[in-house]
Each structure stands twice: as C-alpha cells, then as structure tokens.
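Q: Got a minute to go through this one with me? I'd like to talk about charges, rings and sulfurs.
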Amino acid sequence: AFDAMMTNFMRLATAAVFGSLIAVAPAQARDVKASDPSSIIAALGEAGYTGELATDDLGDPMITATLDGWTSRILFYGCDADAHNACKSVQFFTIFDAPNGLQPAEALKFNGDYRFVSVSLDADNDPIVTWDVVLGSGVPSPVFVEAAQSYAGALSALGEKIFGPAQ
C-alpha cells in the first residue's frame, strides 16, 4: 500500500512540475513574413494599428495601414514575378501633402535624425517617406512591431514639423 501511495504521489508531483513548466513557458511570437501578408496585418494589430490587404498595379500584395493617424502603404518587394507571392521584404511608404513643401536641407536633416527613414521630395517639395524592412524567411512579431512603431514615430515627428503640433 505504501509503494502504491508513493507511486501515485510521484505521478502527481511529476505532473505538477511539468504542468507548471508549461504554464510559465512564454507564448511563441508569430513570425512576420513578407510571403504571408496576413502576418503583417496581425503584427500591425498587435501595435494598435489597422491594415487592409489589396494588390498594387503590378499584382503584388499591398497593405493600406493607419499608423498613429497617418495613412501609409506597405509595399512588397522581392516577390515572384509571375505568382506575386514569396515576397522577401516590405517598404512602409507615405506621402505628405505639405502646404508649403519641405526644403531639401530639412529633408536631409530629418534623414540624419531618424536612422532608418528616408525622406525624398516630389516636384512640389512634398515629402515622400519610406522605411525598408527586410523580412527574409521571417522575423519575430515584436521586432516588426518595433519597426512599425519607429516608422509611425518618424511620421508623427515629420507631421508636426509640417503641420504643427497635433491638437
């Protein structure tokens, strides 16, 4: 009887230890891949942003996103030319309609202040803001979310420079 009781006790103790290990194991973050646009939309949602999947003029995926109130596009690159899938990278893309434009020197300074952002100017000196993200075979969702938040922060900073402080 003692042996049976000890066997049951050991089974319960083992189950309790393994159960607690499973309970404290961190949830696996979903990888974000350019080859899986829904993973990008899911990661945007984790950051509190919205995204809607469409296709661009070439037939590649494209996401229209709202990042901290700014409407942006997420363009897909390195896609299979025929099937328009298996993409490798994305580019956040936003155009500002600046009432007075932005001077080239201001765009250069902004590029220097924000490491990964690229600001160019169209013929009317309206800023075109891009941010490339190579996703390859996938990056953890928190890494992509950090890139999206950094891009949104850069948009907000440039928006404040162009339009003044948000009301």
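A: Sure, one term up front: buried means under 20% relative accessible area, exposed means over 50%, and partly exposed is in between, with a 1.4 Å probe and protein chains only. This is a predicted model, so local features need pLDDT of at least 70, side-chain atom pairs count only at pLDDT 80 or more, and totals for chains, interfaces and linings use all residues. Residues are numbered from 1 along each chain as its sequence is written, and side-chain values use heavy atoms, with hydrogens and water left out.

Q: OK, how many salt bridges does a search of the whole structure find?
A: The search finds 3. A salt bridge here is a side-chain nitrogen of Lys or Arg within 4 Å of a carboxyl oxygen of Asp or Glu.

Q: What does D36 form a salt bridge with?
A: With R30, and the closest N and O atoms are 3.1 Å apart. D36 counts as partly exposed because its relative accessible area is 25%. R30 is partly exposed too, at 41%.

Q: And which side chain does K161 meet?
A: That's E106, at 3.5 Å, N to O. This pair links distant parts of the chain: K161 is in helix α4 and E106 in helix α3, 55 residues apart. Helices (H or I, at least four residues) and strands (E, at least two) are DSSP runs, numbered from the N terminus. K161 is partly exposed at 46%, and E106 is partly exposed at 29%.

Q: Where do D113 and K109 lie?
A: Both are in helix α3, 4 residues apart, about one turn of the helix. Their salt bridge has its closest N and O atoms 2.8 Å apart. K109 counts as exposed at 53%, while D113 is partly exposed at 47%.

Q: Switching to D126: buried or exposed?
A: Buried, because its relative accessibility is 9%. D126 sits in the loop between β6 (118-121) and β7 (127-134).

Q: How far away is the nearest side chain of opposite charge?
A: 14 Å, and that side chain is K161; D126 has no salt bridge. For charges, Lys and Arg count as positive and Asp and Glu as negative, while His and the chain ends are not counted.

Q: So what lies 3.0 Å from a polar atom of the D126 side chain?
A: The backbone nitrogen of A98. D126 and A98 are 28 residues apart in sequence, yet 5.4 Å apart in space, C-alpha to C-alpha. Leaving aside neighbours within four places in sequence, D126 is in contact (heavy atoms within 4.5 Å) with F96, D97, A98, S120 and L121.

Q: Rings next. How many aromatic pairs are there?
A: The whole structure has 8. Rings of Phe, Tyr and Trp (its six-membered ring) pair if their centres lie within 6.5 Å; planes under 30 degrees apart are stacked, over 60 edge-to-face, and the rest tilted. One of the pairs is F96 with F163, tilted, 6.2 Å centre to centre and 40° between the planes. F96 is buried at 3%, whereas F163 is partly exposed at 43%.

Q: What about W131 and Y151, what kind of pair is that?
A: Edge-to-face: 5.9 Å centre to centre, with 85° between the planes. W131 lies in strand β7 and Y151 in helix α4, so the pair ties together parts 20 residues apart in sequence. Both residues are buried. Ring pairs also link W131 and Y151 with F92, F116 and F144 in a cluster.

Q: Last one: which residues form a disulfide?
A: C79 and C87, with their sulfur atoms 2.0 Å apart; the cut-off is a pair of cysteine sulfur atoms within 2.5 Å. The link is right-handed, with 105° about the S-S bond, and both cysteines are buried.

How values were computed:
Polar contact = N/O pair within 3.5 Å; in protein donor to acceptor, adjacent residues only side chain to side chain.
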